[in-house]
Amino acid sequence: MLKCLKRLDDVGRLVLPKELRKALELTPKDWITIKLSGEEMVIKKLVDSCAFCESKQKLIKIKEKFVCEHCRKDLCRIYDELKQKI
């Protein structure tokens, strides 16, 4: 487990050390997610995943969002049901 002690700068920014960026395979311009879990901050590299279920399998991109095959089928079914009611 990598661990380091860092101080925020005057405007609250934090520079991720090279060792941590390397461990997460982060490169400039990559997106990350930051989540609070109790008193801990969890930083993860953002990877392509379904906007609904977070699956990483069989994704297609729709207007800057990814949707997996399973959720896409669910959305089509819901759309068809709503269309029949109109």
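**Notes on a predicted chain**

1. Asp9 counts as partly exposed because its relative accessible area is 32%, the scale being buried under 20%, exposed over 50% and partly exposed in between, with a 1.4 Å probe and protein chains only. The partner of Asp9 is Arg13, and the two form a salt bridge in which the closest N and O atoms are 2.8 Å apart (a side-chain nitrogen of Lys or Arg within 4 Å of a carboxyl oxygen of Asp or Glu). Arg13, in contrast to a buried residue, counts as exposed, because its relative accessibility is 55%. A search of the whole structure finds seven salt bridges, and the bridge between Asp9 and Arg13 is one of them.

2. Before going further, please keep in mind that this is a predicted model, in which local features need pLDDT of at least 70 and side-chain atom pairs count only at pLDDT 80 or more, whereas totals for chains, interfaces and linings use all residues. Residues are numbered from 1 along each chain as its sequence is written, and side-chain values use heavy atoms, with hydrogens and water left out.

3. The protein chain contains two helices and four strands, and, read from the N terminus, these elements follow the order α-β-β-β-β-α (DSSP runs numbered from the N terminus, helices being H or I with at least four residues and strands E with at least two). A student tracing the chain on the screen will therefore meet a helix, then the four strands, and then a helix again.

4. What is the radius of gyration of the protein chain? The protein chain has 19 Å, although a compact globule of 86 residues would be near 12 Å (C-alpha atoms only; the globule rule is 2.2 Å times the number of residues to the power 0.38). Along the principal axes, the C-alpha atoms fill a box of roughly 60 × 25 × 25 Å. In the protein chain, 7% of the 86 residues count as buried. If one takes the contacts between residues at least 6 apart in sequence, 1% join residues at least 24 apart (contact means heavy atoms within 4.5 Å). The accessible surface comes to about 8,400 Å², and 56% of this belongs to carbon and sulfur atoms (Shrake-Rupley method, 1.4 Å probe; for residues, only the protein chains shown count as cover).

5. Strand S1 (residues 32-37) and strand S2 (residues 40-45) pair in the antiparallel sense over six bridges (pairing needs at least two DSSP bridges). Within this pair, Lys35 has Val42 in S2 as its bridge partner. S1 and S2 form a hairpin with two residues between them, and Gly38 in the turn has a positive phi of about 65°.

6. The outer face of this region deserves a look, since Ile32, Ile34, Leu36 and Met41 make a nonpolar surface patch of about 410 Å² (residues with over 30% relative accessible area and no salt bridge; like charges are joined within 9 Å, nonpolar side chains, namely Val, Leu, Ile, Met, Phe, Trp and Tyr, within 5 Å). Strand S1 gives the largest share of the patch, three residues. Ile32 lies in strand S1, and Ile32 counts as partly exposed because its relative accessibility is 31%.

7. Strand S3 (residues 59-62) runs antiparallel to strand S4 (residues 65-68), and four bridges join them. S3 and S4 also form a hairpin with two residues between them, where Lys63 in the turn has a positive phi of about 45°. Lys61 stands opposite Phe66 in S4, and the side chain of Lys61 also meets that of Glu64 in a salt bridge (3.6 Å, N to O). Glu64 is exposed, because its relative accessible area is 64%.

8. Another salt bridge joins the side chains of Glu69 and Lys58 (3.4 Å, N to O). This pair links distant parts of the chain, eleven residues apart, with Glu69 in helix H2 (residues 69-85) and Lys58 in the loop between S2 and S3. Glu69 is partly exposed because its relative accessibility is 26%, whereas Lys58 is exposed, with a relative accessible area of 61%. Salt bridges that share partners join Lys58, Glu69 and Lys73 into one network.

9. Is Cys71 buried or exposed? Cys71, which is placed in helix H2, is buried because its relative accessible area is 9%. Leaving aside residues up to four places away in sequence, Cys71 touches Cys50, Phe52 and Cys53. Cys71 and Cys53 are 18 residues apart in sequence, and their C-alpha atoms are 7.6 Å apart in space.
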